[in-house]
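Student: I'd love a close look at one part of this protein, where aromatic rings meet each other and their surroundings. Could you walk me through it step by step?

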Amino acid sequence: MTETISYPVETPAGRRTVEVAYERSGSGDPVVLLHGIGHHLQAWQPVSGILAAERDVIAVDLPGFGASPALPDGVTYDLAGVAPALDALFSALGVDRPHVVGNSLGGLLALELGRLRLVRSVTALSPGGFWSPAERRYAFGVLLGMRRGARLLPDPVVARLARTAVGRAALVSPIYARPGRRSPDAVIAETRALRAAAGFDATLAAGRSVVFRDDVPDVPVTIGWGAGDRLLLPRQGVRAKRAIPGARLVRLPGCGHVPMNDDPALVVRVILDATRPAATGRGVAKAAGAEAGGRVPRR
């Protein structure tokens with residue numbers, strides 16, 4: 001069940017109140033799940049229930065997305081604004097330095113939280129920030145096109161498209177390698193979430209200047225990249241590995257940009273391996289599709 005929490009965040013402009021929607025289930029070490037731009041916490045539903053058998057799973061609607069309202073005045077949508085808001089959320093939820101797993105925008109935020117040493121481990125699935133200028137323009141163009149389509153298509157048309165595999169591909173193929181596997185209800189819900197995302201434009205604008213060049217020392221990092229990612233191309237994973245030499249780079253065969261729906265079992269294995277107590281050093285247990293010894297795969 002989705003709940004909401006309001007909590008204070010200290011900003012240069014003074015104290016502000018942020019409200020966030022989340023779902024929490026399971027028990028064990030806390031694992032926070034962060035979705036991508038324009039998406040919502042339901043993106044994690046293919047894996048969150050399985051993870052909850054071994055972890056305290058907290059799936060979050062990022063501020064300005066899903067059921068979470070926009071950030072208040074004085075809190076920006078860049079890394080400097082959202083990372084402290086998430087750290088304050090952890091405190092409000094009573095979790096101390098959780099494991100954080102993020103996809104796309106959520107992966108970039110997870111890495112920033114790791115760089116600030118605010119989390120105990122990072123698992124980033126196709127994180128943003130490792131693009132070339134041309135790759136960023138391409139990805140942002142695709143996202144803007146999806147947003148425009150979501151805003152222009154009436155609900156009855158979206159519902160009709162979502163009822164067929166071809167229609168689902170037309171709506172969400174840029175982010176899924178296997179869009180036909182996404183349920184019609186899920187496609188309808190995420191199209192509405194993209195349409196209504198109050199933080200979309202400001203987040204995209206903030207992302208235009210983002211290039212993640214920093215290492216993430218003293219925090220175990222796993223980077224997973226879908227071999228069929230058509231939004232952020234897999235070669236960006238090579239750059240991520242070079243920027244964060246101690247990270248484990250995991251190839252996700254058969255997966256697109258949002259791998260949780262394309263291969264839930266593989267994504268669960270990667271997350272569980274990365275968040276095991278034994279994975280406190282630089283390496284994590286070898287998951288399916290991982291490059292042995294953390295080698296950078298050839299492209």
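Tutor: Let's start at Trp131, which is buried, with a relative accessible area of 11%. Here, buried means under 20% relative accessible area, exposed means over 50%, and partly exposed is in between, using a 1.4 Å probe and protein chains only. Keep in mind that this is a predicted model, where local features need pLDDT of at least 70 and side-chain atom pairs count only at pLDDT 80 or more, while totals for chains, interfaces and linings use all residues. Residues are numbered from 1 along each chain as its sequence is written, and side-chain values use heavy atoms, with hydrogens and water left out.

Now for the rings. A pair of aromatic rings is described by the distance of the centres and the angle of the planes. Rings of Phe, Tyr and Trp (its six-membered ring) pair if their centres lie within 6.5 Å; planes under 30 degrees apart count as stacked, over 60 as edge-to-face and the rest as tilted. This structure holds two such pairs. One of them joins Phe130 and Phe212: the ring centres are 5.7 Å apart and the planes meet at 55 degrees, so this pair is tilted. The pair links distant parts of the chain, since its members are 82 residues apart. Phe130 is in the loop between strand E6 (121-125) and helix H4 (133-152), and Phe212 is in the loop between helix H8 (200-207) and strand E7 (221-226). These labels come from DSSP runs, numbered from the N terminus: helices are H or I with at least four residues, and strands are E with at least two. Both Phe130 and Phe212 are buried.

The other pair brings us back to Trp131. Its ring and that of Phe140 have centres 5.4 Å apart and planes at 85 degrees, so Trp131 and Phe140 form an edge-to-face pair. Phe140 is buried too, with a relative accessible area of 5%. Phe140 also has a charged companion: Arg136 lies over its face, at 5.5 Å from the ring centre. A charge sits over a ring if NZ of Lys or CZ of Arg is within 6 Å of the ring centre and within 35 degrees of the ring normal.

Who else touches this spot? Look at Gln236 in helix H9 (residues 235-243), which counts as buried at 1% relative accessibility. Leaving aside neighbours within four places in sequence, Gln236 is in contact with Phe130, Trp131, Glu135 and Trp225, where contact means heavy atoms within 4.5 Å. So Gln236 touches a member of each ring pair: Phe130 and Trp131.

Next, the empty space. Rolling a probe the size of a water molecule over the atoms shows where empty space is left. On a 1 Å grid over the protein atoms alone, a cavity is a set of points where a 1.4 Å probe fits but cannot get out, a pocket is an open set with protein on both sides within 12 Å along at least five of seven lines, and lining residues have an atom within 4 Å of a point. Grid points are joined across faces, edges and corners, and a volume is the space filled by probe spheres set on the points. The whole structure has two cavities of 30 Å³ or more.

The largest cavity has a volume of about 240 Å³. Of its 20 lining residues, Leu105, Leu108, Trp131, Phe140 and Gly207 lie nearest its centre, so you meet our edge-to-face pair again. H3, H4 and H8 each give two or more residues to this lining, and H8 gives the most, with four. By class, the lining has 15 nonpolar, four polar and one charged residues. Ala, Val, Leu, Ile, Met, Phe, Trp, Tyr, Cys and Pro count as nonpolar, Asp, Glu, Lys and Arg as charged, and the others, Gly among them, as polar.

The second largest cavity has a volume of about 60 Å³. Leu105 appears again in its lining, together with Leu62, Pro63, Phe65, Tyr77, Val82, Leu109 and Thr203. Seven of these residues are nonpolar, one is polar and none is charged.
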